[in-house]
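Let's take a walk through one strand and the sheet around it. Have the model open beside you as you read.

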Amino acid sequence: MSQNSNKTHSEYYNSTSLQEYHDDEIDLREFFVTLWAEKITICAFIVVAALASVAFALLQNDIYRAETTLISAHTTQNTGGFAAQFGGAAALLGVDTGGGNVEISTALSTLQSRQFIGRFIRDNEILVPLFAESWDKVERKIVIDEEVFNPSTGEWLDEKGAPSELEAYRSFSGILTISGPDRDTNIVRVSINWHNPEQAANWINKLVYALNQDIRARDIREAQNAINYLQEQLQSTQLVEMQRVFYQLIESQTRITMLADVREEYVFRVIDPAVVPDRKFAPRRSLIAIVGTMAGGMFGVIFVLTRRLFWKRKSD
């Protein structure tokens, strides 16, 4: 009895598996039959998607990348003994004994900061190019959108007026790319992707120059403030040991100002300045057309199968 029962169960599972296999085979065959029957609809999707993607790709502006290669201008100062001897006193007085050395991470953070970029945009009058200019690649000239900005009166014609500093910062940050520093060489690459190749090269070179000048001026200002403070403290103490400490600290701050005065490339030294690019960086129009055509084919298949499934359920 048990053997008959096991045999019955085995036959049942075998028949069920066989039925599921046949169902899968029928469904797969039905799938290809459906695609073949709806080949005109699918081809229509592909053609429309191909034409749309080609038109979209052709309408995109050429983007050019201007890039400069930098390396840290840091020079090792022989301040290890001095920092070890007077570092505690300098820290209590709020005086930096680093000898004017600026970390790359600090410089790059400054380069990407809203305050620095906002000041750079104002100083170089980049607001109009960011929001109201386009580049005519045929005529190779700048074209101003007079519906956005009136170049004669200098007025912004938008309801909100001129773009805010935060909008300008976001727009400029979107075209600025920083890669590095390299772990072994400390090389940093800074680039701007923009539709006007001449502006891109000009901006990136000015940006690096402005960064060096900004941090150099800040260090000189801080060092001069420290010197003034230390001289006041020197006049008010009669302890010879403390006077020696103050003289050493004043010397270190004077060294910072001297280094900043003689070294124009204060933070970054330019290895390879940016030049006007002669080849576009983006968009990759062929890739856009291929992806768009493939997407059209996929949507066509999904549309055909969904419609066939809807009809089948409605008929059932």
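What follows looks at strand β1, its partners and the sheet they form.

Keep in mind that this is a predicted model. Our starting point is β1, which covers residues 64-72. Seven of its nine residues are buried, so the rest of the structure largely encloses this strand.

Now to the neighbours. β1 runs antiparallel to β7, residues 187-194, and eight bridges join the two. It also runs antiparallel to β8, residues 268-272, through four bridges. Strands of a sheet pair through backbone hydrogen bonds, either parallel or antiparallel.

Individual residues help to fix the register. I71 is a handy landmark: its bridge partner in β7 is I187, while in β8 it stands opposite R269. T69 has D272 as its bridge partner in β8. Here are these pairs together:

| Residue in β1 | Partner | Partner strand |
|---|---|---|
| I71 | I187 | β7 |
| I71 | R269 | β8 |
| T69 | D272 | β8 |

How do the strands line up in the sheet as a whole? The sheet is open and has four strands, in the order β6-β7-β1-β8, with antiparallel pairing. Its edges are β6, residues 176-179, and β8, each of which pairs on one side only. On average, neighbouring strands of this sheet are turned by 30° against each other, with direction ignored.

To trace this yourself, start at β1, where eight bridges lead to β7 and four lead to β8.

Definitions and conventions. Residues numbered from 1 in each chain as written. Predicted model: local features only at pLDDT ≥ 70, side-chain atom pairs only at ≥ 80, totals over all residues. Heavy atoms only, no water. Buried < 20%, exposed > 50% of the residue type's maximum accessible area, 1.4 Å probe, protein only. Pairing = 2+ DSSP bridges. Axes fitted to C-alpha atoms, helices over the stretch in contact; angles between N-to-C directions.
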